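Me: Hey, can you walk me through a couple of spots in this protein? I'll put it up here.

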Amino acid sequence: MRVLTVENMRKADEYTINVLGISSSILVERAGNAVTEEILKRFAGGRVLVLAGKGNNGEDAKVVHKLLSATHGFNAKLFEVANDDLSILEEDFDIIVDGIFGTGLSKEVSGKYYEVIQKINQKNCIKISIDIPSGLNGNTGLVLGIAVKADLTVSIQEYKPGLFIGDGIDYAGEVVNKDIGISVFEEDNINLTTISDIKEFFPPLKRRVNKGNFGKGGIIGGSRDYLGAPLLSFNALSVLKMGAGYSYLAVEEDLLPLYIGKNPECILLTYDKKEDLEKMLSLNALGVGMGLGNKTVGLLEYILKNYKGNLLIDADGLNILSKNLSLLENKKCKVILTPHLKEFSRLTGLEVDKIRQNPINIAKDFAKEQGVVLLLKDAVSIITDGERVYINITGTSGMAKAGSGDVLSGIIVGLMARGLSLLDAGKVGAYLFGKAGENASKKHTDYAMTASDIINEFGGVIKEIEVN
């Protein structure tokens with residue numbers, strides 16, 4: 001599903017108005033109708049306060065007010081923020097429609113506008129934002145001083161990144177998109193991953209197959225300082241649950257007793273020196289970094305120079321790379337990196353706050369410069385190969401626990417082992433991981449769920465995809 005930056009949306013607006021000859025007043029009417037339509041779907045009536053700012057968003061809001069005022073059951077009042085008295089905010093309302101600022105807001109909210117949004121958020125009623133909650137940056141989703149905490153956001157024509165990334169995921173509430181006939185011609189778009197994008201990767205299987213048809217994936221990790229036995233086992237088992245035919249786990253020889261019997265479906269291998277990894281280097285896909293510690297630069301360098309399959313690098317492997325990024329210059333394999341924001345900060349040398357101000361472009365530029373696929377993990381993840389960009393919004397706060405990232409690594413390795421490209425594996429893996437987390441949360445709550453609970457939901461999520 002397409003997501004447009006503020007700049008690309010503005011170009012589409014201008015093209016529709018100046019080239020196609022559809023006036024801005026007609027587009028305003030359509031936008032107001034679209035928002036009103038969503039309100040009427042959900043509510044039979046009520047006391048409504050419509051807040052209008054100075055720009056086009058405010059004009060959309062005025063159309064909503066006009067239409068609701070003419071609809072039986074609704075008592076609608078209009079509040080033009082720049083001119084009207086704040087006393088109206090002391091009244092009780094069932095619904096507040098937010099049309100104060102649009103997606104073009106770029107400076108901190110202050111003065112009267114700050115006070116109005118503060119009062120809106122304190123009111124116990126439904127808040128509906130037009131296009132984007134006022135106070136959010138349309139591209140980054142960052143709160144500019146203060147922002148409306150919406151229950152519903154009606155996106156106009158195309159989704160904007162700020163509805164999902166940054167603070168957007170916590171401020172936009174339910175998001176629906178309404179087509180009002182703006183012509184979009186830009187190809188440099190961002191894509192929001194949906195279940196329809198995933199279905200093609202889980203086709204019905206032929207009956208006459210064997211495990212050799214589905215690829216081999218493995219995990220290399222663990223050290224004397226960082227045992228992480230359960231975490232690595234998560235990874236290895238996740239590989240199989242994505243449909244790979246074989247799952248391997250390679251650990252240092254003296255760690256072997258800790259892993260025996262943990263997951264009997266997985267093949268255990270040991271190594272004392274990097275040259276012992278010849279069998280692992282024959283696999284279709286590898287994951288490396290989980291529990292390695294920071295003293296295995298030689299191991300990672302050896303794999304990058306000698307492996308010719310698809311390689312995922314996570315955790316300690318990323319920490320090694322952050323100090324030795326030049327290792328990627330001589331890689332023989334295709335590489336996907338899966339850092340969280342702090343790890344990405346170390347890789348790029350940029351502060352986390354700096355990354356948050358432009359996460360999509362920074363991720364895209366890094367992937368292109370380094371010749372890798374990047375999955376930047378956050379509440380909403382960004383997946384890019386330097387050209388195409390996907391964002392994934394599935395997931396839940398209960399996944400912010402030790403071991404969850406290791407599960408994601410195993411998912412992606414399993415998908416690559418099956419033959420998915422790195423970008424597709426990242427896109428599909430992030431979606432499945434998030435959906436499995438959502439299902440685990442429903443059973444166990446965000447507080448009580450663990451990484452192993454996520455693994456147990458894979459079958460249910462794949463079944464949902466198959467029948468969708």
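**Gln-157 and a helix pair**

Reply: Sure, and keep in mind that this is a predicted model. Let's begin with the contacts of Gln-157: leaving aside neighbours within four places in sequence, Gln-157 touches Met-9, Asn-177, Lys-178, Asp-179, Ile-180, Gly-181, Ile-182 and Val-184.

Me: Okay, and where is the place of Gln-157?

Reply: Gln-157 sits in the loop between strand E6 (152-156) and helix H5 (168-171).

Me: Is Gln-157 buried or exposed?

Reply: Gln-157 is buried, because its relative accessibility is 4% and the cut-off for buried is under 20%.

Me: So what does the side chain of Gln-157 reach at 2.9 Å?

Reply: That would be the backbone nitrogen of Ile-180. A polar atom of the Gln-157 side chain also lies 3.0 Å from the backbone nitrogen of Ile-182.

Me: Cool. New topic: at what angle do helix H14 and helix H15 pack?

Reply: H14 (residues 404-418) and H15 (residues 422-448) pack at about 135°, and their axes are 9 Å apart. The two helices are therefore oblique to each other.

Me: And which hand does the crossing of H14 and H15 have?

Reply: The crossing of H14 and H15 is right-handed.

Me: Which residues meet there, in H14 and H15?

Reply: From H14 you get Ser-404, Val-407, Leu-408, Ile-411, Ile-412, Leu-415 and Met-416. They meet Leu-422, Ala-425, Gly-426, Val-428, Gly-429, Ala-430 and Phe-433 in H15.

Me: How many residues of that H14 and H15 contact are nonpolar, polar or charged?

Reply: The contact of H14 with H15 has 11 nonpolar residues, three polar and no charged.

Definitions and conventions
Residues numbered from 1 in each chain as written. Predicted model: local features only at pLDDT ≥ 70, side-chain atom pairs only at ≥ 80, totals over all residues. Heavy atoms only, no water. Helix = DSSP H or I, 4+ residues; strand = E, 2+ residues; numbered from the N terminus. Buried < 20%, exposed > 50% of the residue type's maximum accessible area, 1.4 Å probe, protein only. Polar contact = N/O pair within 3.5 Å; in protein donor to acceptor, adjacent residues only side chain to side chain. Contact = heavy atoms within 4.5 Å. Axes fitted to C-alpha atoms, helices over the stretch in contact; angles between N-to-C directions. Parallel < 35°, antiparallel > 145°, perpendicular 65-115°, else oblique. Left-handed = near helix turned anticlockwise from the far one by under 90°. Nonpolar A, V, L, I, M, F, W, Y, C, P; charged D, E, K, R; others polar.
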